[in-house]
Amino acid sequence: MKNEFAFRQLEKNALENLLIYTTRMFLESDRKENSEYKSATVAEQVKKYVDKHFRENIKLDDLSSALGYCVGHICHQFKKIYSMSIINYMLRRRVIEALVMFENSDISIQQVSDSLGFDSAQYFSYIFKRFTHITPRQYQSQIRKTHIINPEYIISNAEF
């Protein structure tokens, strides 16, 4: 009788442990899926906000306040999904817009810099060259000569 009781206890403990293990594995996989979904959602919110406000001088604190997450969290989630920092994405977005502006009008470098929220035309020129490997003036010259330049091609082939 004692052996039968001990065997049933052993059986019960093994079954409980199996149930606990299975439940933990299920919850962990569910948590991982939710975490990836949440990361994508936060990153998408950041991207939408930047796409809407890229002409403004957005600070990470402003972005954090607008979305309701701490700065570290949004930076980490954005980089995890898009493989670039929020600042680089914002600058890249501004440079793409500058390429389009140069292509569609005879606007000055200063006017483009001002309309895209840069602090100065010199800083704008520095960022423009960093992303495209040519200065804004060189780009304007190329446009006048060819007028067949695709802004997405220039940015996608630039090294950061």
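**Exercise 1.** In this predicted model, determine whether S113 is buried or exposed, and describe its surroundings.

*Solution.* Step 1: S113 has a relative accessibility of 0%. Step 2: the cut-off for a buried residue is under 20%, so S113 counts as buried. Step 3: S113 is located in helix α5, which comprises residues 109–115. Step 4: with residues up to four places away in sequence set aside, S113 touches F118, S120, A121 and F124.

**Exercise 2.** Identify the residues with the most contacts inside the largest nonpolar core, and state which element gives the most to this core.

*Solution.* Step 1: the largest nonpolar core has 32 residues, and F102, V112, L116, F124 and F128 have the most contacts inside it. Step 2: two or more residues are given to this core by each of α1 (2–53), α3, α4 (86–104), α5, α6 (121–132) and α7 (136–146). Step 3: the most comes from α4, with 9 residues. Step 4: outside its neighbours within four places in sequence, F102 is in contact with residues including V112, F124 and F128; among its other contacts are P136, Y139 and I143.

**Exercise 3.** Compare the span of helix α3 with the expected value, and locate its buried residues around the axis.

*Solution.* Step 1: helix α3 has 12 residues (71–82), so at 1.5 Å a residue it should span 16 Å. Step 2: the end C-alpha atoms of α3 are 16 Å apart, which agrees. Step 3: I74, Q77 and F78 are the buried residues of α3. Step 4: these residues cover an arc of only 100° around the axis, and therefore lie on the same side of α3. Step 5: just after α3, S83 adopts a positive phi of about 55°.

How values were computed
Residues numbered from 1 in each chain as written. Predicted model: local features only at pLDDT ≥ 70, side-chain atom pairs only at ≥ 80, totals over all residues. Heavy atoms only, no water. Helix = DSSP H or I, 4+ residues; strand = E, 2+ residues; numbered from the N terminus. Expected span 1.5 Å × (residues − 1). Buried < 20%, exposed > 50% of the residue type's maximum accessible area, 1.4 Å probe, protein only. Arc of directions from axis to C-beta. Contact = heavy atoms within 4.5 Å. Core = buried A, V, L, I, M, F, W, Y, C linked by side-chain atoms within 4.5 Å.
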